Each structure stands twice: as structure tokens, then as C-alpha cells.
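The following exercises concern the structure shown below. Each task is followed by a solution worked in steps.

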Amino acid sequence: MNAAGFPLLSLLTFLPLVGAGIILFIRGEEAVVASNARWTALWTSLITFGLSLILWFQFDKTTADFQFVEQISWMPEFGLGYHMGVDGISVLFVLLSTLLVPVCILASWEAVQSRVREYMIAFLVLETMMVGMFCALDVVMFYIFFEGVLIPMFLIIGIWGGARRVYAAYKLFLYTLLGSLLMLLAMLLLWYEAGTSSIPEIFNLQLDPSVQVWLFLAFLASFAVKVPMWPVHTWLPDAHVEAPTAGSVILAGVLLKMGGYGFLRFSLPLLPQATEWFAPLIFALSVIAVVYTSLVALAQEDMKKLIAYSSVAHMGIVTMGIFTLNHQGLSGAIFQMLSHGIVSGALFLCVGVLYDRVHSREIARYGGVAKIMPSYAMVFMLFTMGSIALPGTAGFPGEFLVIVGAWQANPWVAFGGALGMILGAGYMLYLYRRVVFSRISREDLKALLDLSPREYVTFAPLILLTLWMGIYPSSFLSFFEASVAALVTRHEAAMALPRLAGM
Amino acid sequence: MNWTLILPELVLAVAGLVILAIAVLPKRDTDFAASMATLGALLLAGVLVVAQPDGEAFLGQYVSDAFTKFMKLLVLAGAALGLLLAMDWNRKEGLARFEFAVLLLLSTVGMMVMVSANDLIALYLGLELLSLSLYVIAAFNRDSERSAEAGLKYFVLGALASGLLLYGSSLVYGFSGSTNFDGIANAITSSETAPFGLVIGLVFVLAALAFKISAVPFHMWTPDVYEGAPTPVTAFFATAPKVAAIALLTRVVAGPFAELAVQWQQVLLIASLGSMILGALAAIGQRNIKRLMAYSSIGHVGYALIGLAVGSELGVRGLLLYMAIYLFTNVGAFAVLVAMRRKGRALEGVDDLAGLGKSDPAMALAMTVFMLSMAGIPPLAGFFGKLYVFLAAVQGGYWTLAVVGVLSSAVSAYYYLRIIKVMYFDAGEALDPRPNSLSIVLAGTGLFTVFFFLFPAPFLAAAQAAVAALVG
């Protein structure tokens with residue numbers, strides 16, 4: 001059952017918690033505590049990442065089954081169990097989470113100076129919740145991790161955030177909570193119908209289409225907020241703008257993926273009829289998201305807000321891809337989620353680099369950075385290109401596949417997606433031009449230092465991945481090949497069933 | 001006559017009388033010794049409850065089974081924790097008198113009688129013993145106008161509730177010919193043939209019990225009494241008596257009136273919906289944290305009543321679990337309220353918690369845990385309480401309850417978050433150092449709330465046994 005020979009996924013999930021526990025008990029002067037907390041957090045997250053690489057090497061790409069499965073009975077009389085496992089859809093998200101956390105801790109090394117201990121604990125707890133969510137194979141556990149993410153995120157934004165942090169933290173929490181609670185009801189129904197909360201067993205349920213519609217809406221309430229889809233995306237720009245840099249990175253890199261992952265994990269396999277029924281609605285919302293938020297992004301004066309809106313647009317491509325329900329679209333959507341996790345995370349880091357030096361996110365505050373910080377300009381350009389989806393960068397394969405998939409589903413949807421790509425090039429290049437090129441608008445900018453060694457280290461893995469994913473996407477696509485194929489087959493089989501019965 | 005069944009109650013009652021008799025003699029302060037003796041008596045009673053055999057006593061007036069054991073242990077725990085919260089407070093406020101411990105003991109006897117009551121007379125006896133003690137405790141700070149007002153208000157409304165209960169009981173007796181729960185159950189063969197007067201009597205009894213658990217629309221006294229009473233007394237009000245009253249309500253509807261489920265389900269459904277909605281909305285604007293907790297407790301009663309309103313075994317189990325978790329979480333939260341004191345003066349404003357995250361990180365963390373648990377955020381204990389009642393609602397197809405329940409929990413999350421926000425995001429002065437007794441309560445309840453998910457099995461098993469005893 002377990003290819004690693006030991007409970008790898010539990011270890012990945014709870015190791016950060018152990019690190020957090022150690023940090024909790026560091027004693028001494030504030031500076032010592034801060035420094036120890038940083039190092040402990042970094043080492044914990046690095047070890048976790050190192051362990052997670054076992055998944056990369058030992059994952060069996062030929063099967064769509066769950067692997068590295070662990071199962072312990074927890075509340076047997078309710079059919080509730082501790083059940084972990086990954087398949088092709090979730091495995092790379094686990095790696096993405098474990099990769100981004102050490103990056104975030106490095107990025108906050110100097111930026112966070114107050115309450116360092118609590119900050120690091122919050123990040124490690126967050127890692128536990130994220131990894132746990134992608135590994136959970138039990139609906140109640142899934143919900144616990146899904147919702148548990150809110151606690152550290154609320155505190156990260158609320159304590160270490162910008163001026164309107166309280167408003168943003170509340171908005172994030174309440175939006176997500178409201179959606180999730182409706183999802184909880186849907187999950188309770190599934191749990192009750194199946195008599196067990198184990199996801200693989202729930203997959204065997206054949207639900208009545210009328211029930212499916214309600215379940216779909218309940219899941220949609222949660223995942224649409226999380227993705228976020230238009231029109232429930234408004235918490236995202238606020239949360240991004242107010243969050244500290246590392247918070248934005250995790251938010252864009254991992255938390256937004258939870259919605260897409262939820263669609264793939266629950267809505268598609270469990271509710272085939274409802275998925276088919278609601279696909280046009282999702283397409284419409286996705287196209288609106290892509291086009292509308294791209295236009296909104298063009299008008300932004302705040303760098304973080306611009307990238308936040310670009311995230312909404314990119315995630316619109318993802319939902320579009322998921323609901324094409326064909327191989328290209330689904331693969332593209334998953335790939336796009338991964339690449340967006342890397343690229344937009346990196347873009348927020350780029351903003352963070354400037355913010356740490358100048359303490360402003362206003363685009364007009366900058367200009368001519370290329371002459372002062374040439375290496376930084378290079379790095380920023382790479383990620384800008386990644387966001388535009390230039391061939392050869394991480395953004396391209398995902399968007400391309402989604403548009404190919406969407407073309408098969410509905411050419412107009414594909415047109416909307418393509419329009420988004422064009423607009424994406426527009427707002428990203430416009431941002432880049434205003435910040436990096438043009439003349440040096442202010443004297444004080446001349447004193448800026450280029451990237452420090454720590455920042456190089458922070459960016460290095462992301463640069464590597466952006467290029468790798470762009471140049472040789474197969475090494476990533478191969479992970480979810482089998483799972484996507486199984487998902488498509490499953491969906492088609494489910495759709496064929498009533499038609500056969502009707503004949 | 002199997003009088004050994006009431007051994008725990010006897011121990012408590014005798015302990016109360018002995019403490020009363022001895023403590024008046026010496027000149028110096030006896031409150032500490034009285035409190036310790038009370039704690040000892042509660043502990044002893046707890047041991048006796050666990051060791052108690054199942055059975056009936058006093059011609060079926062009194063029962064002991066897994067259900068009463070579960071509830072009595074909760075009540076005893078609530079009373080002991082309430083006393084721990086009060087000891088330091090009373091000393092600082094100049095209220096350190098041994099009568100407090102004695103009253104608390106007597107009210108505990110009342111609650112235990114309520115839990116074990118299997119007869120309308122025993123029910124009334126227990127309820128009155130509890131209520132009379134509570135009226136006095138509410139006004140315990142007799143030099144404070146607000147405390148006296150709280151006591152009086154509670155007395156007037158409590159007396160009204162008692163009147164309702166007696167009137168309902170007399171109707172039930174008149175139409176069923178028995179005051180014994182088993183006798184009433186035998187008299188009701190089906191809901192169609194049940195005499196109308198019996199249904200009226202049932203509604204009166206339900207209304208009286210709704211007063212005691214402060215369910216909408218009989219909740220009006222709650223915020224005022226909670227605000228006026230001394231904080232540790234409020235903590236006690238919000239926990240043990242509520243658990244006892246819920247136990248009684250459960251016994252009444254599941255025992256004698258089981259056949260009339262259609263009737264009482266409607267009543268409880270409306271009470272549950274109303275309590276959840278009111279608890280969520282009315283707390284938002286509160287600036288006094290005790291009032292806020294009052295509305296929060298109304299909301300929690302609403303969630304707990306979901307378990308009863310759906311009328312299934314799963315629901316009752318959820319209810320029991322909910323009350324257990326509610327008790328410990330609430331005691332923890334009130335421990336923080338009791339500790340709110342600056343330069344020797346007790347504070348009650350939500351804003352007075354400002355800056356706690358910096359000045360007392362451990363307490364702020366504990367309060368965060370309690371607030372998030374009450375909001376039902378996993379993996380904290382409160383989530384599991386909600387999980388089981390919602391599961392019962394979904395299972396029974398009560399979608400209105402389930403949907404209103406989740407929506408009002410989302411709304412109530414707002415004011416729980418506000419407390420966290422005030423503690424961490426706002427700046428403020430440090431509070432006085434907290435006494436050790438509170439630290440112990442905080443640590444214990446905090447650890448329970450955080451780590452409940454690791455060991456839910458014994459609680460679930462106990463709740464399951466309790467339900468089986470009640471229904472079977």
C-alpha cells in the first residue's frame with residue numbers, strides 16, 4: 001500500500017506542527033528568540049520539503065489510484081477515519097506547498113521584525129493545514145484542514161498586514177467561512193448517504209441528478225469563493241494588498257488552488273450530471289472573470305492589487321479548463337494552477353523586494369528600476385513573461401492546453417480565454433514598463449540595492465521551475481496524465497449511463 | 001427503597017449543611033476552607049456518581065442510568081470549575097464569604113435532582129432548589145445595584161417560569177392521571193388520541209424549561225442577568241444549570257412525551273431557529289463582553305436544540321456532545337473574563353481586552369482558541385459539537401435547521417473574530433497578572449478544546465451509552 005514504507009504523508013503534514021511546537025518553547029531575549037524561530041522554521045520547512053521529494057521520485061505515474069495511503073480508524077461508529085493518500089491530481093500540490101513555505105520563510109527573514117515567533121508558528125501551522133488538505137481522503141478531515149487554513153491566515157493578515165489589514169482579514173475569513181459551511185452540509189449529506197466519510201468509498205455513490213444539483217451548488221459556494229470566481233472574488237484584492245509579502249505568496253500560490261482542487265476532487269467525479277448541467281454557467285463566469293478582471297487590472301495603481309486581479313483572471317482560465325471536461329482542458333487547468341502558484345507567488349515576491357526597500361506598492365512611486373537594480377529587473381521580467389504565458393515559460397503550456405480544450409467544448413469560451421491572454425500581456429507589460437523602465441522618477445530610488453544573496457536564494461527555485469515547466473512540461477504533466485484520463489473516463493461513463501437506460 | 005442511589009446528592013447536601021454549621025462559628029475568614037471542602041465534596045460526589053449502579057428509587061421518582069451519569073458529571077465539573085473561577089474574584093471584590101460555596105453546593109444538589117428526576121414532583125423540587133440558590137447567588141454582590149437588580153430580575157422571571165411549569169404539570173397530571181414519567185408515557189398511546197389538555201400542559205412545561213435554558217422567545221432575562229451578576233456567577237449560570245436544564249428537557253421530551261414528538265418537535269424547532277438567529281445577530285453590536293457572551297450562549301442553546309428538535313438518537317447524541325464541549329469551552333472563555341482586571345478594578349468591555357496578545361500572549365492564545373471553537377472552526381472542539389448536530393439535521397432531512405445553523409454560525413463568527421481582533425490587532429494596556437487558579441482552568445479547558453479531536457472516542461462512547469439508556 002505505502003510505497004515509502006513509513007507514513008510519509010502524515011510526516012509531511014505534521015512535521016511543521018512539531019517545528020511550531022519547538023518554536024513555542026524557545027526562551028530567551030527577543031532577538032535570540034526571533035533568530036532561533038527563523039532558523040527553526042526554515043529547517044523544519046526544508047526538511048519537510050526534502051521529505052516531500054520522495055513523492056516526486058517514488059510516485060507511480062501509471063495509475064490513477066491513491067498512493068502512499070494511510071488509514072487509521074478514528075470514530076468507527078460514524079464511519080469516520082484518518083485517511084491520507086495522494087493521486088496524480090494532488091501530489092504536485094503537496095510539493096508546491098512544501099516548496100513555497102521555505103521560500104516564504106526566507107522572504108520574511110528581514111521583512112518581519114515584530115512577533116517573529118508567532119509569525120513563524122503561524123506559517124508552520126499553515127503548512128500543516130495545506131499539506132493535510134491535499135492529502136486528506138476523508139471528507140471530515142478534508143473539511144478540517146480546508147477550514148483550519150483560515151485561522152493562521154486570518155492572523156497573518158491581521159497582525160502583520162498593511163493599513164487596512166483588519167478589514168481584509170475579516171473579509172477573507174467570513175467570505176470563506178460562509179461558503180465552506182454550505183459545503184460542510186453537502187459533505188454531511190455525502191457522509192450520511194455513503195455511511196462512511198472516506199472519499200474513495202464516497203466515489204461509489206450514484207446520486208440522483210436532483211440531489212446533485214443542490215450538492216453542486218453547495219460545493220460551488222465554497223470553491224467559487226476560494227478560487228475565487230467572479231463575482232465573489234472581491235476578498236482577494238483586499239487580502240493580497242494587506243497581507244505581508246509571504247502571506248500573499250501562500251495565498252496566491254496555494255490557497256487559491258484549494259478551490260480548483262476541490263472541483264476536481266468532489267464536483268467532477270461525484271456529480272457528473274450536475275457538472276455537465278452547470279458547465280455553461282461556470283464558463284460564463286470564467287469568461288467574465290478573465291475579461292473583466294483583466295480590464296480592472298489595467299487600471300490599478302497598486303502593484304499588488306494588479307497582480308491580485310491578474311490572479312483572478314488566471315484562475316478563471318483554470319475553472320474554464322476544469323469544466324471543459326476533456327483531457328486537454330483538465331490537464332491544462334491543473335498545469336495552470338501549478339504554474340500560477342509558482343509565477344504569481346514569485347511576482348508577489350518581486351513586489352515584496354521593492355516594498356522592503358521603499359515601503360510603497362504604488363506603481364507611480366517607481367520608474368527606471370532597471371538601471372538601479374539590473375538583476376532584479378531580469379528576475380522580474382522572467383516572471384512577468386511567465387504570467388503573460390510566453391512560450392518557454394511556465395505559464396504557456398497550461399493556458400494553451402486550456403484553450404485547446406475549451407475550443408472543443410465551445411469556441412466562444414476559447415475566444416474569451418484567448419482574449420484574456422492578450423489582455424494579460426497588456427497589463428503585465430504596462431506594469432513592467434512603468435516600474436522597471438522609463439526614467440528614474442525619484443532621486444531616492446538611486447540608492448536602492450540590487451538583490452541580496454538571500455533574495456537570490458529565495459528566487460532561485462522559482463526561476464528554475466518557471467523555466468523547467470515552460471521548456472519541458474512533460475515531467476509535470478506525466479504526473480497527472482493517468483488521473484486525468486481516469487477522471488474523463490469516469491465522467492463519460494457516468495454520462496453514458498442514463499442515456500443507455502433511456503434507450 | 002433503594003436509597004443508596006441518591007448517595008451523591010446526600011453527600012453534597014450533607015456537606016453543604018455541615019459547612020454551613022461549622023463555618024459560622026470561627027471569627028476569621030472561613031471562605032477558603034469552605035471552598036476547599038466544597039471542591040472535595042464535589043469530587044467525592046463525582047466518584048460516587050461513577051460508581052453508582054443503575055436503577056430506580058423512591059417509587060420510580062428517581063432514576064440513575066448512563067444518561068444521568070453523563071449529565072451529572074458535566075454538572076459537577078461545571079460547578080467545580082465555577083467555584084475555581086469565583087474564589088479569587090470574590091476575595092478581590094470583598095465578597096469572600098463561605099455562603100457562596102454553600103449556595104453553590106445546594107444548587108448542585110438541585111441540578112442533580114433535576115437530571116435524575118423521573119417524576120413531575122421531583123422535577124419541580126430540583127428546579128426550585130436550583131433556582132432559589134441561583135437567585136441569591138445572582139445578587140451575591142449585595143452592595144452593587146446591578147447585582148441586586150440581576151437577582152431580582154432573575155427571581156421575578158424565574159418565578160413566572162416556575163408558575164408556568166406548575167400549571168403545565170397540573171394539566172399533564174389532570175389529563176394523564178400520573179405525575180410519574182413512566183405513568184405519563186403509558187397514558188399517551190398515540191399523538192392522535194392524546195387529549196388536547198395534555199398537549200397544552202406539555203407546551204407550558206416546555207416554555208418553563210425554555211426559560212431555564214434561555215431559548216428564544218424566553219431569553220429576555222439572559223443578557224441583563226448575565227451582565228449584572230458577578231462575572232464568575234455569570235460563568236456558572238452559563239454552564240452547569242444550562243446543562244442540567246437541557247438534560248431535564250431531553251428526559252421530558254424523550255421519556256413521557258415521546259409519543260407526542262410531532263407536537264414538541266415543532267416547538268423546539270422554532271426555539272432552535274429563533275435562538276440561533278437571535279444569538280448570531282444580537283451579539284454583533286454588544287460592547288459589554290458579558291452581554292456578548294449571553295447572546296452567544298443563547299445561540300449555542302439554539303445549536304444544541306437542533307439535536308433535540310430532529311428527534312433522533314443521533315441528534316440526542318450530538319446534543320450531549322455539544323453540551324459537554326460547550327461547558328468546557330465556555331468555562332475557559334469566562335476564565336478570561338474573570339481575569340479581566342486592571343489596577344484592581346474588574347472590567348467588562350470588549351475593548352478592555354485590547355493588546356492582550358502582547359501583554360499576556362498565553363491568555364490571548366487561550367481566548368483565541370475558545371472563540372474559534374465557539375465559532376465552530378475545525379479542528380477545535382466546538383467544530384465537532386456542531387458537526388454532530390448538523391449531521392443529525394442532515395440525516396433527518398431538516399434542511400431549514402441545517403442551513404440556518406450554518407448561516408448563523410458564519411454570522412456569529414464575526415463577533416467571535418472581533419474579540420480576537422481586539423486582542424491581537426489593537427493596542428492597549430496590560431491587565432493585572434492572573435491568579436494561579438485561573439491559569440489552571442485556562443490551561444485545562446484550553447487543552448481540552450484544542451486536543452479534543454485526538455480523543456473523541458471516549459466522549460462519543462459515553463454519549464452513545466447515555467442515549468441508549470435514555471431511549472432504550
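**Exercise 1. The annotated domain of chain B**

Over residues 117-411 of chain B, the chain of this predicted model is 76% helix and 1% strand, with the end C-alpha atoms 37 Å apart. Identify the feature that UniProt places at these residues, and state how many helices and strands there are in chain B.

Solution. The UniProt record, an unreviewed entry, assigns residues 117-411 of chain B to the feature "domain: NADH:quinone oxidoreductase/Mrp antiporter transmembrane". Chain B contains 20 helices and four strands.

**Exercise 2. The fold of chain B**

Determine whether the radius of gyration of chain B agrees or disagrees with that of a compact globule.

Solution. Begin with the chain length: for 472 residues, a compact globule would have a radius of gyration near 23 Å. Chain B has 21 Å, and therefore agrees with this expectation. Next, consider the extent: the C-alpha trace of chain B spans about 65 × 55 × 40 Å along its principal axes. Buried residues account for 62% of the 472 residues in chain B. Finally, of the contacts in chain B between residues at least 6 apart in sequence, 80% join residues at least 24 apart.

**Exercise 3. The contact between the chains**

Which helix of chain A gives the most to the side that touches chain B?

Solution. The contact takes 24 residues from chain A and 23 residues from chain B. On the side of chain A, the elements giving two or more residues are helix 5 (139-148), helix 6 (150-160) and helix 7 (165-194). Helix 7 of chain A gives the most, with 13 residues. By character, this side of chain A comprises 20 nonpolar, two polar and two charged residues. For the complex, the predictor gives an ipTM of 0.82 and a pTM of 0.88.

Definitions and conventions: Residues are numbered from 1 along each chain as its sequence is written. Chains are lettered from A and ligands numbered from 1 in the order in which they are written. This is a predicted model: local features need pLDDT of at least 70, side-chain atom pairs count only at pLDDT 80 or more; totals for chains, interfaces and linings use all residues. UniProt positions are given in the numbering used here, feature names are shortened, and annotations may be inferred rather than shown by experiment. Two residues are in contact if their C-beta atoms, placed from the backbone, lie within 7 Å. Ala, Val, Leu, Ile, Met, Phe, Trp, Tyr, Cys and Pro count as nonpolar, Asp, Glu, Lys and Arg as charged, and the others, Gly among them, as polar. The radius of gyration is taken over C-alpha atoms; the globule rule is 2.2 Å times the number of residues to the power 0.38. A residue is buried if 20 or more other C-beta atoms lie within 10 Å of its own, exposed if 12 or fewer, and partly exposed in between; C-beta atoms are placed from the backbone.
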